[in-house]
Amino acid sequence: MNTLLRGKDLITTQDWSMDQLETVFEVSRDLKRKFAQNEYTDHILRAQTLFMLFFEQSTRTRNSIEAGMTQLGGHAHDLTPEKLQISHGEVAIDTAKVLTRFGHGIAIRNCDYGIGNRYLQTVADNSEIPVINMQDDYYHPLQGLADLMTIREKLGDLRGVKVTISWAYATSHAKPLSVPQTQALLFSRYGMDLTFAYPPEFPLMDSFMNQARENAANSGGKLQITHDMDEAFEGAHIVIPKSWGGFMGVDDPLSEEGRARMKENLEKNKDWICDERRMALADPEAFYMHALPADRGNEVTDPVIDGPQSIVYDEAENRLHTAKAIMALTMGGRP
Ligand code: CP
């Protein structure tokens, strides 16, 4: 167990050693057990403040962290740019330096493509209290940690577990690349047998997939890519079908032309849905996972997400326990 995490930022799990990650899982399990037993944990971050800054909407991340801070004895400020002078142009450096003087941690969600991660890095570089990534355009570490904890709870040893991470059609919004990219980086460190499936127009970022391949080579895992959703489901122990935006499949995703092309690419792939026929291709004991919110009827059918193989609410619950572990381990001190 590594007890030297006080003050450490969590921007991506790739910056955390295996020893540090195992500490997170150990503390998550301990906090989960205490929560189940109604044991108070409010001495851990008593009177501490976390500033949560949301540039986008959230159900799981916002509420797991705010509830988590209460359970740990502290308080989380629920902030948006409109509540701050960010709406009048205050820059990340000034926001970071001021919040550092007031509290014990800063957590940010900014998924704006090409902007979010840069914003987080700037805050991290200019704050002396830990910065926690609540999702950006590249990474969603809190989701990845909860996912891995859930898979472990269901299957135990992760070595050789066949996990399929697939693109799926959705009309709700162009979801960030951050969930599958985080799963690629994190799961590949645990010797898992990973298959990524997506239409050719929806690739993930090369640098992330190359890093994930290197991780897999070091951990004795595997990583392959296919453009056939059926093939990817065959024999899988875990399936994680979820939409992500086609940012990497067009020349300039932020231009009007790029957005129009992304929409065209999306509409060509409506048949990428997780339904009962596809679930039957997977291992008979396979689990269905989704970070949520799911686009029901597009990404997944109701019988699958509401069915016996679905573990989406166990996965969502673990967002609370893993977020509490990250806060308990990284906050708690002043520079
Ligand atoms: N999975 C996830 O991050 O959910 P929210 O967008 O509701 O926080």
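Which pocket is the space taken by the ligand? In this predicted model, the ligand takes the space of the largest pocket, a pocket being an open set of points on a 1 Å grid over the protein atoms alone, where a 1.4 Å probe fits, with protein on both sides within 12 Å along at least five of seven lines. Residues are numbered from 1 along each chain as its sequence is written, and side-chain values use heavy atoms, with hydrogens and water left out. Because the model is predicted, local features need pLDDT of at least 70 and side-chain atom pairs count only at pLDDT 80 or more, whereas totals for chains, interfaces and linings use all residues.

The domain assignment, which is automatic or taken from a database, gives domain 1 (13–140 + 318–332) and domain 2 (143–315). Their centres, taken over C-alpha atoms, are separated by 25 Å, and the contact between them (heavy atoms within 4.5 Å) takes 26 residues from domain 1 and 32 residues from domain 2.

Each of the two domains contributes at least three residues to the shell around the ligand, which comprises Ser58, Thr59, Arg60, Thr61, Arg109, His140, Gln143, Ala291, Leu292 and Arg319, each with a heavy atom within 4 Å of the ligand. Polar side-chain atoms of arginine 109 and threonine 61 lie 2.9 Å and 2.7 Å, respectively, from an oxygen atom of the ligand, and a side-chain N or O atom of arginine 60 is 2.9 Å from a ligand oxygen. Of the 260 Å² of accessible area that the ligand has on its own, the protein covers 93%, as computed by the Shrake-Rupley method with a 1.4 Å probe.

Note on methods:
Polar contact = N/O pair within 3.5 Å; in protein donor to acceptor, adjacent residues only side chain to side chain. 1 Å grid on protein atoms, 1.4 Å probe; cavity = no way out; pocket = protein on both sides within 12 Å on 5 of 7 lines; lining within 4 Å. Sits in = over half its atoms within 2 Å of the grid points.
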